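The following note sets out, in numbered points, what a reader may find on going through this structure. Please keep the sequence and the three-dimensional view at hand while reading.

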Amino acid sequence: MKRLIALLLAAALALSLVACAGDNNSSMSEENSSEDSSNSSSNTETEYKTIQLNETVTTENFDFTLTSVEFAEKSSEITTSYTVEIMDSDKELLRCDYTISYIGKESLSSSPVAMTVLYGDGYTFRDGRQYILSPDGELEETYRYSNNSSTTMFVNFEPLTDDIYTGYGFMEIPEAVKNSTEEPLSILILINGEELLYEIR
């Protein structure tokens with residue numbers, strides 16, 4: 001009788017240990033799966049600050065205002081003496097005009113703006129050029145991206161001035177991007193390390 005009771009107690013103890021281990025494993029797997037899902041969502045979802053036309057956005061060193069976004073076909077005039085053109089028969093220009101004012105407290109040599117076109121389900125187009133027209137009328141190309149390489153030219157900005165610079169961005173896009181009006185199209189603007197998103201459609 002004593003042996004039977006001892007055997008029953010040992011069996012009950014073994015079953016309880018197995019049940020506890022199962023609970024621990026399931027809770028650990030639940031924690032791991034929740035961590036994996038949170039990591040995957042944070043890796044795949046990137047939120048940008050969305051802006052509107054004529055809305056002034058303040059970054060660390062600049063006030064930035066996007067004033068116009070339009071398709072410009074193969075060429076677009078910046079000033080009476082300067083026209084931006086592309087020769088690729090399958091591409092057109094997406095023109096973005098903007099103004100920037102320097103609000104930093106120290107002298108800064110910078111190429112402040114770069115742009116990327118976001119299209120459809122994950123397509124990106126980076127080929128393009130950026131120009132800045134200074135208040136005294138001097139036009140400078142500040143950034144160019146072509147054939148997977150970039151060229152940067154710097155503009156000198158001084159603190160405590162009321163200077164307003166006019167900027168022009170020209171992005172080269174396939175004709176299909178312009179013509180596929182059902183697909184979403186946006187401009188991702190990188191200014192002074194901050195990313196701003198303008199949704200065209």
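1. Strand 10 and strand 11 make a hairpin in which 5 residues lie between the two strands. In the turn, glycine 137 has a positive phi of about 90 degrees. The model is a predicted one. Strand 10 covers residues 128-133 and strand 11 covers residues 139-146; 6 bridges join them, and they run antiparallel. Within this pair, tyrosine 131 stands opposite glutamate 141 of strand 11.

2. A further hairpin follows, formed by strand 11 and strand 12 with 2 residues between them. Here asparagine 147, in the turn, has a positive phi of about 55 degrees. The two strands pair in the antiparallel sense over 4 bridges, and tyrosine 145 has serine 150 of strand 12 as its bridge partner.

3. To which sheet do strands 10, 11 and 12 belong? They are part of an open sheet of 7 strands, whose order is 2-3-6-14-10-11-12 and whose pairing is antiparallel. Strand 2 (56-58) and strand 12 (149-152) each have a single partner strand and stand at the edges, so one side of each is left without a neighbour in the sheet. From one strand to the next, the twist averages 20 degrees. As a general point, strands of a sheet pair through backbone hydrogen bonds, either parallel or antiparallel.

4. Within that order, strand 6 is placed next to strand 14. Strand 6 comprises residues 91-102 and strand 14 residues 164-174; the two run antiparallel and are joined by 11 bridges. One bridge partner pair here is leucine 93 with glutamate 172 of strand 14.

5. The chain also contains pairings of strand 16. Strand 15 and strand 16 pair in the antiparallel sense over 6 bridges, with isoleucine 187 opposite tyrosine 198 of strand 16. Their hairpin has 2 residues between the strands, and asparagine 192 takes a positive phi near 55 degrees. Strand 1 (residues 49-50), by contrast, runs parallel to strand 16 and is joined to it by 2 bridges; lysine 49 has leucine 196 as its bridge partner.

6. Is serine 186, a residue of strand 15 (residues 185-191), buried or exposed? Its relative accessible area is 11%, and the limit for a buried residue is under 20%, so serine 186 counts as buried. Beyond its neighbours within four places in sequence, serine 186 is in contact with Thr116, Val117, Leu118, Leu197, Tyr198, Glu199 and Ile200.

7. The largest nonpolar core has 29 residues, and Phe64, Leu66, Ile100 and Ile189 are those with the most contacts inside it. Strands that each supply at least two residues include strand 3 (62-73), strand 8 (113-119) and strand 13 (155-157). Strand 6 gives the largest share, 5 residues. Phenylalanine 64 touches, among others more than four places away in sequence, Ile51, Tyr98, Ile100, Val113, Ile189 and Leu196. Another core, of 9 residues, lies apart from the largest one; among its members are Ile86, Leu93, Tyr131 and Leu133.

8. For the protein chain as a whole, the secondary structure comes to 2 helices and 16 strands. Of its 201 residues, 33% count as buried. Among contacts between residues at least 6 apart in sequence, 65% join residues at least 24 apart. The chain exposes about 12,400 Å², of which carbon and sulfur atoms supply 49%.

Methods. Residues numbered from 1 in each chain as written. Predicted model: local features only at pLDDT ≥ 70, side-chain atom pairs only at ≥ 80, totals over all residues. Heavy atoms only, no water. Buried < 20%, exposed > 50% of the residue type's maximum accessible area, 1.4 Å probe, protein only. Contact = heavy atoms within 4.5 Å. Areas by Shrake-Rupley, 256 points an atom, 1.4 Å probe, with all protein chains shown as cover. Pairing = 2+ DSSP bridges. Axes fitted to C-alpha atoms, helices over the stretch in contact; angles between N-to-C directions. Core = buried A, V, L, I, M, F, W, Y, C linked by side-chain atoms within 4.5 Å.
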